[in-house]
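Here are a few friendly notes to read alongside the model. I have kept to the core, the pocket and the aromatic rings.

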Amino acid sequence: MKETLQIPTPETLEALIGKELYDIWTSLCQLIEQKYNMEQLWNHGGKKWIYEYKYRKGGKTLCALYAKEQRAKFESLREVFSNETQKIYDETTTFHDGKWLMFELKDTCLFNDMERLLSIKRKPNR
């Protein structure tokens, strides 16, 4: 039997990831929420993570930016992304359903790239 997910409080999340990363987390959430009207869902993070937080609409996850058509669009725009984002993209394995890019954010310097990647998947609706 799967245990019920206890949605973390802001204090719990800050304690888990630290104040600096929590501030980055909340800033990224604000950036997304200013541009998108989406469902926000907490899930178990699987084997490697404790929590997963999704922005979804119509059964689709906004942050799943890795379908084949999005890869082609990224590749056509690759020069507008930072060297760090290009490196992450190039080193990410391609699966049957696309690429699943993982960013370990330590500051806000990649937020412009995040915004561009999100808009490849779905144009902002705000």
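1. Contact here means heavy atoms within 4.5 Å. This is a predicted model, and on that footing F103 is in contact with T85, I88, L110, M114 and L117, once its neighbours within four places in sequence are left aside.

2. F103 also turns up in the largest nonpolar core, which has 22 residues. I32, L62, F103, L105 and L117 have the most contacts inside this core. Two or more core residues come from each of α2 (19-35), α4 (83-91) and α5 (111-121).

3. Next, the largest pocket: its volume is about 1,500 Å³. Of its 32 lining residues, W25, Y51, Y53, M102 and F103 are the closest to the centre. Elements giving two or more residues to the lining are α1 (10-17), α2, β2 (51-57) and α5, and α2 gives the most, with six. By type, the lining divides into 26 nonpolar, two polar and four charged residues.

4. How many aromatic pairs does a search of the whole structure find? There are seven. In one of them, the ring centres of W25 and W42 are 5.9 Å apart with planes at 10°, so this pair counts as stacked. Because W25 lies in helix α2 and W42 in strand β1 (residues 39-44), the pair ties together parts 17 residues apart in sequence. W25 itself is partly exposed, at 27% relative accessible area.

5. F74 and F81 make a tilted pair, 4.6 Å centre to centre with 35° between the planes; both F74 and F81 are buried.

6. Finally, W25, W42, Y51, Y53 and Y55 form one aromatic cluster. Among them, W25, Y51 and Y53 were named above for the pocket centre.

Key: Residues are numbered from 1 along each chain as its sequence is written. This is a predicted model: local features need pLDDT of at least 70, side-chain atom pairs count only at pLDDT 80 or more; totals for chains, interfaces and linings use all residues. Side-chain values use heavy atoms; hydrogens and water are left out. A nonpolar core is a set of buried Ala, Val, Leu, Ile, Met, Phe, Trp, Tyr and Cys residues joined through side-chain atoms within 4.5 Å. Buried means under 20% relative accessible area, exposed over 50%, partly exposed in between (1.4 Å probe, protein chains only). Helices (H or I, at least four residues) and strands (E, at least two) are DSSP runs, numbered from the N terminus. On a 1 Å grid over the protein atoms alone, a cavity is a set of points where a 1.4 Å probe fits but cannot get out, and a pocket is an open set with protein on both sides within 12 Å along at least five of seven lines; lining residues have an atom within 4 Å of a point. Grid points are joined across faces, edges and corners, and a volume is the space filled by probe spheres set on the points. Ala, Val, Leu, Ile, Met, Phe, Trp, Tyr, Cys and Pro count as nonpolar, Asp, Glu, Lys and Arg as charged, and the others, Gly among them, as polar. Rings of Phe, Tyr and Trp (its six-membered ring) pair if their centres lie within 6.5 Å; planes under 30 degrees apart count as stacked, over 60 as edge-to-face and the rest as tilted.
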